[in-house]
Amino acid sequence: MFKKYLTVAVRNLLKYKFYSILNITGLAAGIATCLLILLFVQDELSYDKFHENSDRIYRIVADFTLGGNSFTAANVGPPTGFAIVNDYPEVENAVRLMSSGSWFVRYGENSFKETEVIYADSTLFRVFTLPLINGDPQTALTRPNTMVISQRMVDKYFGSEDPIGKTLRLDDSRDYQVTGVYDKIPGNSHFHAEFILSLASVSSSSENFWLGNMGYKTYLLLRENADYKALEAKFPDMIKKYVGPEIQKFLGTSLEEFEAGGGKTGYYLQPLTDIHLHSDLLDELEPNSDIKYVIIFSAIAFFILIIACINFMNLSTAASAGRAKEVGIKKVLGSERKSLITQFLTESLTTSIIATVISLIIVKVALPHFNDLAGKELEFNILSNSQILMGVLLITLFIGLLAGSYPALFISAFKPIEVLKGKLKLGAKSGFMRSSLVVFQFTASIIMIICTTVVFNQISFIQNKKLGFNKEQVLIINDAFILSNQIQAFKNAVLQNPDVLAGTVSGYLPTESSRSGNAILRGGVKDEKNSIVMQNWRVDYDYINTLGMEIIEGRNFSREFGSDSMAVIINETAAKFFGWEDPLGKIVGRFTSNETASIAKYNIIGVVKNFHYESLRNSIGPLLFFLKNSTSKVAFRISTANIRQLITSVKDKWDEFAPGQPFDYSFMDEEFNNMYNAEQRMGGIYSVFAFLAIFIGCLGLFGLAAFTAQQRTKEIGVRKVLGASVGGIVLLLSKEFVKLVVISFVIAAPIAYYYMNNWLGDFAYRTEIGTFTLLAAGGIALAIALVTVSYHAIKVAVTNPVKSLRYE
């Protein structure tokens with residue numbers, strides 16, 4: 001019996017080729033989109049779950065308030081983790097990671113710049129699952145100046161040599177011995193590294209201070225069945241024991257007085273598997289994603305699949321007129337409704353299976369492009385991925401049964417007498433259900449068009465906003481520390497080029513570069529009420545002029561004033577935080593020693609106009625400039641159309657001062673734009689999905705327009721005989737679809753506005769969703785609908801009325 005149903009299903013697919021092609025194309029595009037999003041969502045939800053004890057690993061987060069300035073950071077002080085291990089038996093172990101920045105790594109004559117480098121404790125392998133394929137995990141990182149490296153780095157530096165015991169030279173100044181090799185850190189990890197250096201190599205005067213050097217990402221491994229919330233509840237006692245005395249030492253006040261004055265020193269535990277999707281703290285090891293994007297893309301997958309199903313339902317019911325007599329004859333000959341439903345469900349399942357097979361091919365071809373768009377390294381192997389395999393089977397059944405059930409029930413319900421007498425009437429006006437489904441399709445499409453437009457408007461707003469500095473035509477030379485004491489000579493040599501207008505040596509740039517947040521004391525007085533945590537940037541005399549910043553009060557640093565070595569320049573926000581209307585001549589203090597809590601006092605000589613040194617998601621925070629060496633970068637303001645020639649000239653100077661060292665440069669505007677990669681990716685993904693939603697919707701609209709034109713062929717012939725124009729007939733056939741798109745717009749606009757207004761709320765500086773944006777999206781959808789419908793409308797309008805009157 002099934003073979004009979006299948007044979008009939010295939011015959012009908014071939015018989016009604018037009019509708020079959022539209023159905024299969026729409027379903028294949030919808031299923032392929034859904035599978036790509038499922039791969040993306042599966043990867044996002046899998047982060048850090050490859051660790052055997054992922055459910056027992058927690059990161060310590062610092063939650064502090066000082067001087068009215070609050071911050072929540074992924075960093076804590078050096079002793080925090082192991083103090084918790086010693087004091088609380090429910091904690092099995094701890095490990096600290098510390099960002100290391102980039103290094104020049106040399107082996108023999110080969111030297112490369114490496115950026116994926118971190119420090120870690122020797123307990124790394126007892127907390128995280130990072131198997132060594134060579135070396136002993138118990139001892140690999142116990143000694144200073146040792147490292148473990150990835151297999152990829154072994155291949156890069158040592159080839160077929162055994163790397164264990166070999167030495168790599170870092171920055172031509174430090175030798176590290178290779179003591180272990182690991183395969184690689186999986187892509188779905190919140191941190192990655194090709195080199196892991198022993199944290200025992202780092203010596204610091206702040207090693208014993210909880211508040212002195214908060215640069216350590218610290219993770220705890222709890223024992224089986226330990227409750228991390230119960231452990232968190234014990235932290236106030238820990239704070240009194242360890243942090244209280246340091247508050248007294250640095251601020252001259254007790255912990256109780258500090259908290260009573262509005263200060264806060266808090267810690268909490270963050271589950272390891274929450275970091276990637278639920279964390280956006282200060283000083284993350286790597287940029288994280290956001291759970292809301294997972295929810296958004298899951299919803300998009302669902303809606304696109306529903307749009308594809310609606311197409312199937314609409315086209316099947318629209319085509320039912322052509323099969324009405326078939327159903328009537330079968331019923332007269334004794335066919336039960338049950339068997340007819342089974343027949344139509346078999347046809348829908350066959351269509352669904354064919355569409356699924358085509359979609360798998362589309363996914364295989366499209367995945368590399370999707371990876372580029374989403375910044376992923378997804379792989380598609382349906383047989384080895386049980387979750388995706390189950391998803392494919394469920395999607396196929398979902399479409400075949402759910403989308404096929406309505407047409408099956410609808411068509412099988414035809415009354416044979418009415419059908420055989422020709423009394424069955426179907427048309428766009430009588431198809432309330434079909435009209436409702438078209439409205440749903442275009443509502444979803446218009447929402448996606450509006451979302452895409454708003455995302456790109458915000459990106460454009462960011463790129464064109466006045467930032468308080470000039471990011472254009474600034475060439476940045478990275479890793480300048482390798483020049484050592486020749487860095488000023490290098491800078492002066494480059495400035496001899498007439499196309500180079502100015503230069504500054506500083507690792508602190510208003511893009512993704514160094515940051516240094518420390519407590520600054522108003523009046524140089526140790527007191528909680530006078531303390532504000534703010535950015536402290538080390539700059540040189542030429543920094544402000546090179547970057548095009550504006551001094552609005554006082555003056556810039558000058559070589560003519562020897563006292564400027566103890567002077568600072570603050571931004572407008574810092575002046576407001578201190579409560580000073582006239583900050584010039586006022587004194588601020590900086591801690592210079594953790595052991596003695598000694599303070600250096602500085603005179604404020606100028607106020608720089610506020611500039612954006614972080615993402616526009618954040619408000620401009622307080623900031624302070626002081627004169628001190630920071631040699632990781634050199635920035636040059638340039639003025640030339642021949643960029644390539646200038647870079648060649650600068651590289652020649654680099655090779656002269658740093659022979660054999662890699663030359664790495666970037667442009668400030670590019671680095672600034674890199675801060676918004678997530679938004680750019682989101683906009684790109686939105687635009688692709690919006691296109692697919694509209695494409696699938698238009699396939700259905702195209703089929704419905706063909707059906708409507710076919711149903712009204714004789715009516716149109718009569719109208720033409722009576723003098724109707726082609727334009728009038730096109731308007732007649734199009735106006736119903738136009739009405740549906742207008743209804744869709746009325747529903748979609750407030751939904752999209754509400755959602756995107758919430759999304760823009762994440763930005764401290766944002767564009768506005770204007771009426772034009774909403775109307776433009778509706779206009780685009782309307783234009784696409786008219787183009788889709790007009791083909792059939794014009795085709796039937798220009799048909800010879802004699803042929804139209806002979807129709808049927």
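Is Tyr 753 buried, exposed or partly exposed, and why? Tyr 753 sits in helix α23, which covers residues 726-760. Its relative accessibility comes to 36%, so Tyr 753 counts as partly exposed, since the class takes in values that are neither under 20% nor over 50%. Further along the chain, Ile 769 is 16 residues away from Tyr 753 in sequence, with 7.2 Å between the two C-alpha atoms. As with everything that follows, this comes from a predicted model.

Stepping back to the whole protein, there are 25 helices and 24 strands to find one's way around. Of the 808 residues, 53% are buried. The exposed surface adds up to about 35700 Å², and 56% of that is supplied by carbon and sulfur atoms. Contacts often link distant parts of the sequence: among those between residues at least 6 apart, 79% join residues at least 24 apart.

Next come the nonpolar cores. In soluble globular proteins, nonpolar side chains tend to be buried together. Here the largest nonpolar core has 111 residues, and Phe 625 and Phe 689 are the ones with the most contacts inside it. Helix α15 (residues 432-464) gives the most to this core, putting in 14 residues. Phe 625 shows what such a spot looks like: leaving aside neighbours within four places in sequence, its contacts include the aromatic residues Trp 537, Tyr 543, Phe 557 and Phe 611. Val 539, Ile 544, Met 549 and Ile 569 are also among the residues that Phe 625 touches. A second core, separate from the big one, has 33 residues, including Ile 84, Val 85, Leu 255 and Ala 519.

Two members of that second core, Ile 84 and Val 85, lead straight to helix α3. This helix runs over residues 80-87, and its buried residues are Thr 80, Gly 81, Ala 83, Ile 84 and Val 85. The cover over them includes strands β1 (57-66), β3 (91-99) and β12 (217-222), along with helix α7 (235-251). Thr 80 belongs to α3 and counts as buried because its relative accessibility is 0%. Not counting residues up to four places away in sequence, Thr 80 touches Ile 60 and Trp 210.

Strand β1, part of that cover, also pairs with β2: the two run antiparallel and are joined by five bridges. Ala 62 has Ala 73 of β2 as its bridge partner. The two strands make a hairpin with two residues between them, where Gly 67 takes a positive phi near 60 degrees. Strand β2 (residues 69-73) is two-faced: Asn 69, Phe 71 and Ala 73 lie on the covered face, while Ser 70 and Thr 72 lie on the uncovered one.

Another helix worth a look is α2, which takes up residues 17-45. Its 29 residues reach 41 Å from first C-alpha to last, close to the 42 Å expected at 1.5 Å a residue. Helix α2 is mostly covered, too, with 22 of its 29 residues buried.

Later in the chain, four strands come together in an open sheet, in the order β15-β23-β14-β24 and with antiparallel pairing. At the edges are β15 (500-505) and β24 (665-667), each of which pairs on one side only. On average, neighbouring strands of the sheet are turned by 25 degrees against each other, direction ignored. Helix α16 (residues 487-494) packs on this sheet and touches β14 (474-478), β15 and β23. The direction of α16 makes about 170 degrees with that of β15. Helix α19 (residues 643-657) lies across β14, β15, β23 and β24, at about 30 degrees to β14.

Within this sheet, β23 (residues 633-638) is joined to β15 by five antiparallel bridges, and β14 and β23 also pair in the antiparallel sense over five bridges. Arg 637 is the β23 partner of Ala 502, and Val 474 stands opposite Arg 637 as well. Next along β23, Ile 638 is the bridge partner of Val 500. Strand β23 is mostly covered, with six of its six residues buried. Lys 633, Ala 635 and Arg 637 point one way, whereas Val 634, Phe 636 and Ile 638 point the other, and all are buried.

Definitions and conventions: Residues numbered from 1 in each chain as written. Predicted model: local features only at pLDDT ≥ 70, side-chain atom pairs only at ≥ 80, totals over all residues. Heavy atoms only, no water. Buried < 20%, exposed > 50% of the residue type's maximum accessible area, 1.4 Å probe, protein only. Contact = heavy atoms within 4.5 Å. Pairing = 2+ DSSP bridges. Axes fitted to C-alpha atoms, helices over the stretch in contact; angles between N-to-C directions. Expected span 1.5 Å × (residues − 1). Core = buried A, V, L, I, M, F, W, Y, C linked by side-chain atoms within 4.5 Å. Areas by Shrake-Rupley, 256 points an atom, 1.4 Å probe, with all protein chains shown as cover.
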